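Visitor: I would like to learn how to read a structure feature by feature. Can we go through one together?
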Number of protein chains: 2
Amino acid sequence: MSELKGACIFGQSGGPTSVINASAYGVIDTALKNPNITRVLGAEHGIKGVLNDRLFDMGQEDPKELELLKNTPSSALGSCRYKMADPDVDETDYKRILEIFKKYDVRYFFYNGGNDSMDTCNKISKYMQKVGYECRVMGVPKTIDNDLYGTDHCPGFGSAAKYIATSCMEVYQDARVYDTGMVCVMEIMGRHAGWLAGAAAVATAYGSGPDLVYLPEVDFDMDQFLADVERVYKEKGNCFVAVSEGIHYADGSFVSEAKTSATDGFGHAQLGGLEVFLTEIVKARLGVKVRGIELSLLQRCGAHLASETDIEEACMAGKAAVENAVNGITDKMVGFERDIQDGRYVCRTKLLNLTDVANTEKKVPREWINAEGNNVERPFVDYVLPLIQGEPVLPREDSLPRFARLKKVLAK
Amino acid sequence: MSELKGACIFGQSGGPTSVINASAYGVIDTALKNPNITRVLGAEHGIKGVLNDRLFDMGQEDPKELELLKNTPSSALGSCRYKMADPDVDETDYKRILEIFKKYDVRYFFYNGGNDSMDTCNKISKYMQKVGYECRVMGVPKTIDNDLYGTDHCPGFGSAAKYIATSCMEVYQDARVYDTGMVCVMEIMGRHAGWLAGAAAVATAYGSGPDLVYLPEVDFDMDQFLADVERVYKEKGNCFVAVSEGIHYADGSFVSEAKTSATDGFGHAQLGGLEVFLTEIVKARLGVKVRGIELSLLQRCGAHLASETDIEEACMAGKAAVENAVNGITDKMVGFERDIQDGRYVCRTKLLNLTDVANTEKKVPREWINAEGNNVERPFVDYVLPLIQGEPVLPREDSLPRFARLKKVLAK
């Protein structure tokens, strides 16, 4: 292991979560205290901030405000969705990044995000290796979608799952108060993997959750869906359905995008989300009262319902990235390993090759979904439960959240 | 004051809230302990449970489960939306109610709801007086809409307002993470009064809330709305709008129902909520990225974000109804009076005539709304703040809500 001194850059990328700033705190706080890291720079809007030379000097922030990041949802430094070109095709961005790295003597680069962000991280890592610029590059995982390869779970998922399960339990109470029945359809995020929609079933395991849960891991069949809803409605007088936004027909087309097809029975372009479409179909075919609810951004920024386990692990992932890098590791993403010790859930960090992680998606195992494809099985619930445990002590001001207020002083 | 012994019936009516069960607890617990009340009956689905002779014997419930009602959202006994006929036109229901009252020797009737429910309560009260059946009838207020006449505020509003303000603060963080701008439109409940939509502005007072707030108290002008949004977007690069579901044009037609008009630029019937419609118009006219969020049922059942002040006051209202009735009062609704003592907010109960309360709506004063009609003024925020204070200690099971589980044993 060679000692390497220099500045570090930290960036946040992709869709935010309730705890991505907890990882930011893990990275920034650990880096600020490490003697080998001479300066901690926060990139505005992820890699775009590097390209645009918009870097904040994190050392100028009030430590108390930095600590508030642990309970501040969304990406405090700003995020981006920026696809890096293949460096063999277009080197422009990479040359610019190298220029900035040299300008600030950046020797550590930490990037916090999901699949696409790990692709960015991987490309930068490989480029720096190729041109022989010594810089340790580490990925910090983040995604409510929980679909990163090689890690037991991802920071951000536990809190979103807890938000979804709790909201389902509450909506369940509300959606059956009248003696007139209703079908309630809740749309949950997750374009390609059904981890989040499956979390709705955790509510059912505690007595107040959806009757039916549809994940993108199973091809969606509209007739079967309507038959399922009708059966439950006739049996219970109500039906509560959770659907992943990513459900798709057998031909791969998203149900949300196939809305103009004959299937909808209206024959015109339809606006609004998947839940709007499904509730309208249910209403038209079954003639029952319907209510659609889309959890939208709420599920990924609901920090007031965050899982303390998730916050601590998100922070730990950031810390591990810095510690490993300082110890000579590069070109890796921090991942999680689950263990059970004396019957208790324990989470440890591990390291994954960026190349393996970039752009690979982890789906819900088929055996955790029931044979009918309209709910999840108990092992799924058991997998999720440890991740949603613990209530954070939330900083408040007049009973409202007190989020971090950063100065964001541009580095000179 | 004459002493009156007999059974009591308690019923829940109208749309549920996060704390309507706290009022139920206040009524049931106080009634169970009062020697003049021989039996406490809970009506299934409000007045329908009386008409159908579906009454639960609340004395058979486990006291610990009853106490969990304080943190259980929605109407635990079931609710109804049932409009009672004018007794001068059709006496059928009233005769049936009298029959049930006599069957169980009911001498106390407590009804928990909003405007329409107070109308039911008032009609029953007047009918019992007319036929000379001695029964003390008391209304217990409830509505997230906060539009009951004569009371400073209504149980249920504070918790919904807190849910809305907190969610706005979180969404504000999320909806501006990218360097590409976005217009976010949040649809909030409130058909005729803008108390709930106004609560979104409390978030703004704490640094992270909507830029524009539209209430039904001011006629909606689509051109002005688009000009407002465009101005804010150009100035800030983002725009966050909160709208009440009840916004309407100058001719009184709801914007949500006028969606097929030429205004929408599409010329076809549109599905989905008001936010879907407004975001589509913004997208079409201003060509910017949009996101619509409807808080839907979440805002009225989000007990995990309830205001402790609201829970305590809801409970107090139920208790006051029973105590006053036992002390000889009848034909009243319990209301709230706000006082400031040594600079601290204090809430006391008062009594209002059911006739005055029934079917009268209290709107947001025009002077609490700004001249432009696109936001609320500071006095509105100061009015709301005391009502959202305090965090309840939430009963949990594996970090998920532990709601009351009632046996609901039918009375013989």
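Visitor: Which residues does B:Phe10 touch, leaving out residues up to four places away in sequence?

Guide: This is a predicted model, so take what follows as a reading of a prediction. B:Phe10 touches B:Ala24, B:Val27, B:Ile28, B:Val40, B:Gly42, B:Ala43 and B:Phe110. B:Phe10 itself belongs to strand β1 of chain B, residues 6-12.

Visitor: Is B:Phe10 buried or exposed?

Guide: Count C-beta neighbours; 20 or more within 10 Å make a residue buried. B:Phe10 has 29 C-beta neighbours inside 10 Å, so B:Phe10 counts as buried. Sequence distance is another thing to check. B:Leu77 is 67 residues from B:Phe10 along the chain, yet their C-alpha atoms are separated by 9.3 Å.

Visitor: Now a strand. How many residues of β5(A) are buried?

Guide: Six of six; β5(A), residues 136-141, is mostly covered. Then look at both sides. A:Arg136, A:Met138 and A:Val140 point one way, A:Val137, A:Gly139 and A:Pro141 the other way, and all are buried.

Visitor: In which sense do β4(A) and β5(A) pair?

Guide: Parallel, over six bridges, with β4(A) covering residues 106-113. One bridge joins A:Phe110 to A:Met138 in β5(A).

Visitor: Next, a helix. Why do residues three or four places apart point the same way?

Guide: An α-helix has 3.6 residues a turn, so that spacing brings the direction round again. Take α4(B), residues 92-103. At 1.5 Å a residue, its 12 residues should span 16 Å; the end C-alpha atoms are 17 Å apart, which agrees. B:Asp93, B:Ile97 and B:Phe101 are buried in α4(B). Seen down the axis, the buried residues fall within an arc of 75 degrees, so they line one face of the helix.

Visitor: Which exposed residues does the face of α4(B) turned away from its buried side carry?

Guide: B:Thr92, B:Glu99, B:Lys102 and B:Lys103. The cover over the buried residues of α4(B) includes α2 (47-51), β4 (106-113) and α5 (115-131) of chain B. After the helix comes B:Asp105, with a positive phi near 50 degrees.

Visitor: What sign does phi have in most residues other than glycine?

Guide: Negative. Two residues of chain A go the other way. A:Ser296 has phi near 45 degrees and sits in the loop between β9 and α10 of chain A. A:Asp342 has phi of about 50 degrees and sits in the loop between β10 (332-341) and β11 (344-353) of chain A.

Visitor: Which of them is buried, and which is exposed?

Guide: A:Ser296 counts as buried, because it has 25 C-beta neighbours inside 10 Å. A:Asp342 is exposed, with 5 other C-beta atoms within 10 Å.

Visitor: Last, the two chains. What turn lays chain A on chain B?

Guide: A turn of 180 degrees, with a shift of 0.0 Å along the axis and an RMSD of 0.0 Å. The copies are thus related as by a two-fold rotation axis. The same surface serves both: 100% of the contact residues of chain A recur in chain B.

Visitor: How many residues does each chain give to the contact?

Guide: Chain A gives 55 residues and chain B gives 55 residues. On the side of chain A, α6 (157-174), α9 (274-286), β9 (290-294), α10 (298-301) and β13 (400-401) each supply at least two residues. The largest share, nine residues, comes from α6(A). By type, the residues on that side of chain A divide into 23 nonpolar, 20 polar and 12 charged.

Technical notes. Residues numbered from 1 in each chain as written. Chains lettered and ligands numbered in written order. Predicted model: local features only at pLDDT ≥ 70, side-chain atom pairs only at ≥ 80, totals over all residues. Helix = DSSP H or I, 4+ residues; strand = E, 2+ residues; numbered from the N terminus. Expected span 1.5 Å × (residues − 1). Buried ≥ 20, exposed ≤ 12 C-beta atoms within 10 Å, placed from the backbone. Arc of directions from axis to C-beta. Contact = placed C-beta atoms within 7 Å. Least-squares fit on C-alpha atoms with pLDDT ≥ 70 in both. Nonpolar A, V, L, I, M, F, W, Y, C, P; charged D, E, K, R; others polar. Pairing = 2+ DSSP bridges.
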